[in-house]
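This briefing looks at how two helices pack and at the empty spaces in a protein model. Please look over the sequence and the structure before reading on.

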Amino acid sequence: MIHTNLIDGEWLGSQDIVENINPSDTREVVGLYTRATTRQTEAAIAAAAAAFPAWSRSGVLQRHSILKKTADELLARKDELGALLAREEGKTLPEAIAETVRAAQVFDFFAGEALRLVGQVLPSVRPNIGIEITREPLGPIGVITPWNFPMAIPAWKIAPALCHGNTVVFKPAELVPGSAWALVDILHRAGLPNGVLNLVMGQGSVVGQAMLNSDALVGITFTGSTGTGNRVALASLEHHRKIQLEMGGKNPMVVLDDADLDIAVEACVSSAFFSTGQRCTAASRLIVTDGIHDRFVGALIARLDVLNVDHALKPGSHIGPVVDAQQLASNLNYIDIGKQQGARLAFGGDCLNRGTPGFYLQPTLFTEASNAMRICREEIFGPVAAVIRVRDYDEALAVANDTPFGLSSGIVTTSLKHASDFKRNAQAGMVMVNLSTAGVDFHVPFGGRKASSYGPREQGQYAAEFYTTVKTAYTSA
C-alpha cells in the first residue's frame with residue numbers, strides 16, 4: 001500500500017514516493033509514503049480556507065463527537081499504533097504505547113473543551129451599554145511537527161485547532177509519516193468535513209516553504225529546531241501571521257547535597273537518557289554540588305551500566321536506537337567535541353552492534369564539564385549528558401539559568417527552602433522538583449522562555465490563546 005496525502009477530503013498521490021525505514025532494523029521498510037508537491041500543498045491550503053467559514057460555525061456537539069471518536073479509536077488501537085510508532089521513530093514499545101495513550105487523552109480533553117467554550121458578559125462604564133467578550137476561531141492554521149513525538153505533538157496541536165473551529169494543513173516530519181497518516185485517517189473517518197483537515201507529507205523545502213509563502217494561513221504552530229523556528233518567524237512577519245514556536249532546550253537538573261541519592265539518579269536517568277535523549281525537555285546538564293558529586297557520579301554510572309540498548313520492540317529494551325544516521329553522526333560529533341574541549345568521558349560514547357542493523361548508541365556521560373563547553377551550551381538531542389560540579393545552591397541556580405534556552409528545569413533536594421526558591425527563580429517555563437524534567441501532563445500549559453519558545457503556550461485551556469482571537473462587542477440598550 002502506498003500512503004497518500006489527504007487534500008480536501010481526497011487521498012491524492014504523486015510520483016515522489018519514499019520508504020519509511022525502521023531505525024531499529026534498517027532492512028525493514030515500515031511503509032511507502034507519498035511526498036506532496038508545492039501545487040498539492042497550495043491546494044490543501046485553499047481547501048482549508050474554503051472549509052473554514054462552515055467549520056468555524058459548526059455546532060460544538062459535532063466537534064465534540066469527532067474529537068471523542070478519535071480519542072476512543074486511538075485508545076482502542078494503542079498497541080497497534082504504538083508498535084507503528086516504535087518501528088518508525090525508535091522509542092521503546094512501552095514508551096510508544098504511552099505516547100499513543102497520551103494522544104488519546106489530549107483528544108478526549110479537547111472533546112470536553114468543545115462543550116466548555118466560554119466568554120464574558122460585563123457591564124460598561126457607560127449607562128445602558130452591555131459588553132460581550134468572546135473568542136472566535138483564528139482561521140486556517142498550518143501545523144508543522146517534529147519526529148520525536150510523532151503522535152502526541154500532532155495531537156496537542158490538531159485537537160485544540162479543531163476544537164476551537166479552525167481548519168488545518170498538517171505537515172509532519174519526513175522521518176515519521178506513518179503515525180501522522182494513521183492519526184489523520186482516524187480523524188477523517190470520525191466525520192470531519194472535507195477540507196477541514198489536510199495532510200501534506202514531504203520535504204520542508206517544498207511543503208514547509210509553500211506553507212510559509214501562503215497568505216491564506218493566518219497562523220502556524222511549529223515544534224522543531226531553533227534555527228527552523230527562527231525561519232518560520234521571519235517568513236511570517238510579512239503575512240502578519242500569528243505564530244506559536246516550540247524549539248530547543250538545554251535543560252538543567254540540579255542535584256543538591258541533601259538530595260535522596262536514589263531519587264536523584266532515577267530522575268537524571270529518566271530525564272537525560274530515556275526516549276534516547278530525543279526530547280526537548282531532556283536534562284543534558286546535570287549540575288551537582290560538591291558534597292554529593294562523587295557518590296552521585298558513581299551511582300549514575302552503575303545505573304547506566306545496566307540499561308539495555310536494543311531494538312525498540314524487543315522486550316526488556318530500556319533505550320531504542322537514535323532516529324537515523326544523520327542524527328547519530330551529529331551525536332558522535334558532539335561526543336568528540338566534548339572530549340576535545342576537556343570534558344572527561346566517564347561512560348559510553350560508542351556505537352553498539354545488536355541483532356539487527358540499527359543506529360544504536362550507548363548512553364554517554366561526561367564529567368568534569370564546564371558550562372562554557374559546547375556540550376553544555378548546544379542542544380545535542382541524543383543520549384548524552386554532562387555533569388557540572390558546583391559549590392552550593394547559589395552557584396547551581398546561576399549555572400542552571402546560564403543558558404540561551406528556558407524550557408524545563410529540575411532540582412532534586414529535600415530542602416523546602418531550596419525547592420521553593422528554585423521554583424521561583426529558575427528561568428524556565430516548567431520547573432520540576434524531585435521529578436524528571438521530561439514528564440508533563442496533557443491538561444496544563446506547556447512551553448518555555450528565551451530561545452525555547454515564542455508565542456502562546458500549548459495544551460490545556462491555555463491553548464485557546466493561540467487558536468482563537470478575542471472579540472469585544474458593545475450593545476446599547
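Helix 2 and helix 4 are roughly antiparallel (an angle over 145 degrees) and therefore run in nearly opposed directions by that definition. The model is predicted, so local features need pLDDT of at least 70 and side-chain atom pairs pLDDT 80 or more, while totals for chains, interfaces and linings use all residues. Residues are numbered from 1 along each chain, and side-chain values use heavy atoms, without hydrogens and water.

**Helix packing**

- Helix 2 (residues 60-76) and helix 4 (residues 93-114) pack at about 165 degrees, with axes 8 Å apart; helices are DSSP runs of H or I with at least four residues, and axes are lines fitted to C-alpha atoms over the stretch in contact, with angles from 0 to 180 degrees between N-to-C directions.
- Among the residues in contact (heavy atoms within 4.5 Å) are Leu67 and Leu74 of helix 2 and Phe107 and Phe110 of helix 4.
- The residues of this contact divide into twelve nonpolar, four polar and three charged; Ala, Val, Leu, Ile, Met, Phe, Trp, Tyr, Cys and Pro count as nonpolar, Asp, Glu, Lys and Arg as charged, and the others as polar.

**Cavities**

- The structure holds two cavities of 30 Å³ or more; a cavity is a set of points on a 1 Å grid where a 1.4 Å probe fits but cannot get out, and a volume is the space filled by probe spheres set on the points.
- The largest cavity has a volume of about 80 Å³, and its lining (residues with an atom within 4 Å of a point) includes Lys250, Arg279 and Glu379.
- That lining divides into four nonpolar, five polar and three charged residues.

How values were computed
Helix = DSSP H or I, 4+ residues; strand = E, 2+ residues; numbered from the N terminus. Parallel < 35°, antiparallel > 145°, perpendicular 65-115°, else oblique. 1 Å grid on protein atoms, 1.4 Å probe; cavity = no way out; pocket = protein on both sides within 12 Å on 5 of 7 lines; lining within 4 Å.
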